[in-house]
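User: I'd like to go through the labels on this model one by one and hear what each of them rests on. Can you take me through the reasoning?

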Amino acid sequence: MKLLEERIKKDGQVLEGDVLKINSFLNHQVDPKLMMEIGQEFARLFKDSDITKVLTCEASGIAPSIMAAYTLNVPMVFARKKKPSTLNDAVYLADVFSYTKKVNNKICVEKKFLSSTDKVLILDDFVAHGEAVKGMVSIAQQAGAKIVGVGAVVAKDFQGGSDWIKKQGLRFEALANIASFEGGEVHFVGEE
């Protein structure tokens, strides 16, 4: 998605440890017009998949996922990183390691929100090592839901998560595919 790549080049900052900071439009401050365009693009890419739910992980996956769900006219469910006291024990759980924060999280989704009749599109803000996606895949599988595909706003193709998704036989669509951060700059796949 050209507009997204341009925004990453303009506002993104490569940090130590192969981290891309895009908090001016996605990970802290949110650009709603860009998120709507991202949501519409995911809806276009997966329009023939009979999606019944969009599944994401809090917090940064919520903005693009709600726009995709809105465009697809389906509910969006987000996996929580901490089980609130208001949730009962009827939850699907998965362990997720965050390379950015260097912590393990146990994500959860209440069972009443995912079932074996669902056709789920998993969306995330970033796919690097693929840990959040692995957790969401586990949750969807626990529910017996059919995973119709996985989407990422940004995929860091050089960190293995994209390959893991494809090796699971899942359709994968990323709107911006990063090949490297060579020289402290963002280089997209296919860029000359």
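Analyst: Sure. Two strands count as paired if DSSP finds at least two bridges between them. Keep in mind that this is a predicted model.

User: What makes E5 and E6 a pair, then?

Analyst: Strand E5 (residues 91-98) and strand E6 (residues 103-110) have eight bridges between them, in the antiparallel sense. The cut-off is at least two bridges, so eight bridges make E5 and E6 a pair. One of the contacts to look for is tyrosine 92, whose bridge partner in E6 is valine 109.

User: What links E5 to E6?

Analyst: A hairpin turn, with four residues between the two strands. Lysine 102 sits in that turn and has a positive phi of about 60°.

User: How do you know that cysteine 57 is in no disulfide?

Analyst: The test is a pair of cysteine sulfur atoms within 2.5 Å. For cysteine 57, the nearest cysteine sulfur belongs to cysteine 108 and is 9.6 Å away. Seen from the other end, cysteine 108 has its closest cysteine sulfur in cysteine 57, and 9.6 Å is too far for a bond, so the pair fails the test. By this rule, the count of disulfides is zero.

User: Why are cysteine 57 and cysteine 108 called buried?

Analyst: Buried means under 20% relative accessible area. Cysteine 57 comes out at 5%, so the label applies. Cysteine 108 has 1% relative accessibility, so it counts as buried too.

User: Now the largest pocket. Which residues lie nearest its centre?

Analyst: Those are Ser98, Thr100, Lys101, Asp125 and Phe126, out of 38 lining residues. The space in this pocket is about 950 Å³.

User: Which element supplies the largest share of the lining of the largest pocket?

Analyst: E7 does, with four residues. Elements that each supply at least two lining residues include E5, E6, strand E7 (119-127) and helix H4 (131-143). By class, the lining has 16 nonpolar, eleven polar and eleven charged residues.

User: Which residues does UniProt list for "binding site"?

Analyst: The unreviewed UniProt entry lists Leu20, Asn27 and Lys156 under that heading. The lining of the largest pocket includes Leu20, Asn27 and Lys156.

User: And leucine 20: buried or exposed?

Analyst: Leucine 20, which lies in strand E2, has a relative accessible area of 5%. With the cut-off for buried at under 20%, leucine 20 is therefore buried.

Definitions and conventions
Residues are numbered from 1 along each chain as its sequence is written. This is a predicted model: local features need pLDDT of at least 70, side-chain atom pairs count only at pLDDT 80 or more; totals for chains, interfaces and linings use all residues. Side-chain values use heavy atoms; hydrogens and water are left out. On a 1 Å grid over the protein atoms alone, a cavity is a set of points where a 1.4 Å probe fits but cannot get out, and a pocket is an open set with protein on both sides within 12 Å along at least five of seven lines; lining residues have an atom within 4 Å of a point. Grid points are joined across faces, edges and corners, and a volume is the space filled by probe spheres set on the points. Ala, Val, Leu, Ile, Met, Phe, Trp, Tyr, Cys and Pro count as nonpolar, Asp, Glu, Lys and Arg as charged, and the others, Gly among them, as polar. Buried means under 20% relative accessible area, exposed over 50%, partly exposed in between (1.4 Å probe, protein chains only). UniProt positions are given in the numbering used here, feature names are shortened, and annotations may be inferred rather than shown by experiment.
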